[in-house]
Amino acid sequence: WRGKLQLVKVHRDDGPDGRAILKDVGHMMAETMSAMPVPHISNLLLASSTETLAVIQECQVIAATTVRHHQYFLEIELLAVKGTEQRLGYGAFLMGKLIQLSEELGYRWVLTSADDTAVPFFMANGFSPDVTMPKKCYSGAITHYEHSLLMQLDLQKAQMRTAHLSDCVVFPVPTTAFL
């Protein structure tokens, strides 16, 4: 990794600075996830029920994930790494942070609806298409897309790599926009 990273947790209600970061996240995701309609990405980023973790390096968003909290599980709505930064560990870093967050909040499961191109990434990070979570806990709650696979990470069974916290400085939303 080149230089220190900033991990910023942002929500649409974080004021102009938060919205500026979400705008940059949206642009990066639209470039990276070209098959997903831009209005859909925007709607997810700006939903009141979602929050986004963005990895920022040298004032640029290089990776981000948007999640939704449910009663029994954390749902990964979006996860993307800038094309030029893929396969450098940023996605696994974000996954480690999500797992840490899920454990701190007392969740047992993390669910996602992965498209064909994302399935290998999620499988490499401990997810399985064998959903053992009781269906009544997620039925009607998770966003399931056409041509996608519902995948689960059971935190009681997961053996995950940990995030390299020494390489990351965690900040709240900055008081002035820097993106």
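**Exercise 1. Decide whether phenylalanine 122 is buried, partly exposed or exposed.**

Solution. The model is a predicted one. Step 1: the relative accessible area of phenylalanine 122 is 4%. Step 2: a residue counts as buried under 20%. Phenylalanine 122 is therefore buried.

**Exercise 2. Do the same for phenylalanine 121.**

Solution. Step 1: the relative accessible area of phenylalanine 121 is 24%. Step 2: buried means under 20% and exposed means over 50%, with partly exposed in between. Phenylalanine 121 is therefore partly exposed.

**Exercise 3. State how many aromatic pairs the structure holds, and classify each.**

Solution. Step 1: there are 2 aromatic pairs. Step 2: in one pair, phenylalanine 121 and phenylalanine 122 have ring centres 5.3 Å apart and ring planes at 80°. Rings pair if their centres lie within 6.5 Å, and planes over 60 degrees apart count as edge-to-face, so this pair is edge-to-face. Step 3: for phenylalanine 122 and phenylalanine 127, the centres are 5.0 Å apart and the planes stand at 75°, so this pair is edge-to-face. Step 4: Phe121, Phe122 and Phe127 make up one aromatic cluster. Within it, phenylalanine 122 and phenylalanine 127 are both buried.

**Exercise 4. Place Phe122 and Phe127 in the largest nonpolar core, and find which element gives the largest share of this core.**

Solution. Step 1: the largest nonpolar core has 27 residues. Step 2: Phe122 and Phe127 are among the residues that touch the most other members, together with Val55, Ile76, Tyr90, Met95, Leu98. Step 3: the elements giving two or more residues to this core include strand S4 (73-81), helix H3 (90-104), strand S5 (109-115) and helix H4 (119-124). Step 4: H3 supplies the largest share, 6 residues. Step 5: a second, separate core holds 19 residues, among them Val25, Met36, Leu45 and Ala80. As background, nonpolar side chains tend to be buried together in soluble globular proteins.

**Exercise 5. Describe the surroundings of S5: is the strand mostly covered or mostly uncovered, and in which sense does it pair with S4 and with S6?**

Solution. Step 1: of the 7 residues in S5, 6 are buried, and the strand is mostly covered. Step 2: S5 pairs with S4 in the parallel sense over 4 bridges. Here valine 110 in S5 has leucine 74 opposite. Step 3: with S6, S5 pairs in the antiparallel sense over 7 bridges. Aspartate 115 faces serine 148 in S6. Step 4: a right-handed β-α-β unit is made by S4, H3 and S5.

Terms used
Residues numbered from 1 in each chain as written. Predicted model: local features only at pLDDT ≥ 70, side-chain atom pairs only at ≥ 80, totals over all residues. Heavy atoms only, no water. Phe/Tyr/Trp six-rings, centres within 6.5 Å; stacked < 30°, edge-to-face > 60°. Buried < 20%, exposed > 50% of the residue type's maximum accessible area, 1.4 Å probe, protein only. Core = buried A, V, L, I, M, F, W, Y, C linked by side-chain atoms within 4.5 Å. Pairing = 2+ DSSP bridges. Right-handed = clockwise from strand over helix to strand, strands pointing away.
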